[in-house]
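Reader: I should like to examine how the labels attached to this model are justified. Please set each value against its criterion.

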Amino acid sequence: PDPSYHGLTYTKAFGKLAFITKATSQLMRDLGAIQSPQNAFLLNLGLETLHLRVPQHCKNALAVAQWLQKCDKVAWVHYPELEGNPYHELAKKYLPNGSCGVLSFGLKGGREVAIKFMDSLKLAAMSDEQLIEAGVAPDLIRFSVGIENADDIIADIEQALNK
C-alpha cells in the first residue's frame with residue numbers, strides 16, 4: 001500500500017502495469033513532468049556512453065588545469081584535483097575516479113584581457129554563421145535571474161541598455 005496515494009496497492013489495481021503506473025504517477029506528482037518517448041530515447045543514448053565520456057572529461061580538465069597553473073598569464077586556477085586547492089583532499093576522498101570537466105581560472109590583466117582571450121578562442125568558440133546553423137541568434141544574451149529584487153534586476157538591465 002502506498003500511503004502517498006491513499007493506500008493504493010498498485011499490483012492489485014494495475015496488475016502487470018503496476019511499476020510503470022507508480023513510477024509515472026509519482027514522477028508527475030513530484031516533478032511535474034514526464035519525458036516524451038523521443039526525449040527518453042535521446043537521454044538514454046547519452047547515458048549509454050557516459051561511462052566513456054566522463055573519464056575523458058576529467059582527464060582533459062586536469063591536464064588543462066595543470067597547464068594553466070604553470071602559465072605566467074594566468075592569475076589563478078580553481079580545480080579540485082589540483083594540489084593546493086582547498087577541496088583537493090575532499091576530491092581525492094569522494095571523487096577518486098576524477099572530479100569533473102569544469103574548471104575556472106582568471107587571467108592577469110582583468111576584464112579586458114579576459115574579453116580579448118574569449119574572443120580569440122577558436123576551438124571553444126563559434127562563428128555567427130555556426131551559431132545561426134545551430135539555431136542560436138548572434139545577438140542572444142543568456143541571462144540567469146537570481147533571487148534579487150526584480151526591480152533591481154530590471155533597473156540594472158535598463159541602465160546597461162541605455163549606455
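Reader: What makes the contact of D30 and R29 a salt bridge?
Author: In this predicted model, the side chains of D30 and R29 meet with N and O 2.7 Å apart. The criterion asks for a Lys or Arg side-chain nitrogen within 4 Å of a carboxyl oxygen of Asp or Glu, so the pair qualifies.

Reader: Why is R29 called partly exposed?
Author: R29 has a relative accessible area of 38%. Partly exposed covers the values between 20% and 50%, so the term applies to R29.

Reader: How do you know that K22 and D2 form a salt bridge, and which parts does the pair tie together?
Author: The closest N and O atoms of K22 and D2 are 3.3 Å apart, and the limit is 4 Å, so the label holds. K22 belongs to helix α2 and D2 to the segment before α1, so parts 20 residues apart in sequence are tied together.

Reader: Why is D2 described as buried?
Author: The relative accessible area of D2 is 8%; buried means under 20%, and D2 is therefore buried. K22, at 30%, is partly exposed.

Reader: What makes E89 exposed and K92 partly exposed?
Author: E89 has 52% relative accessibility, and exposed means over 50%, so E89 is exposed. K92, at 47%, counts as partly exposed. These two residues also form a salt bridge, with the closest N and O atoms 3.5 Å apart. Both lie in helix α5, three residues apart, which means a separation of about one helical turn.

Conventions: Residues numbered from 1 in each chain as written. Predicted model: local features only at pLDDT ≥ 70, side-chain atom pairs only at ≥ 80, totals over all residues. Heavy atoms only, no water. Helix = DSSP H or I, 4+ residues; strand = E, 2+ residues; numbered from the N terminus. Buried < 20%, exposed > 50% of the residue type's maximum accessible area, 1.4 Å probe, protein only.
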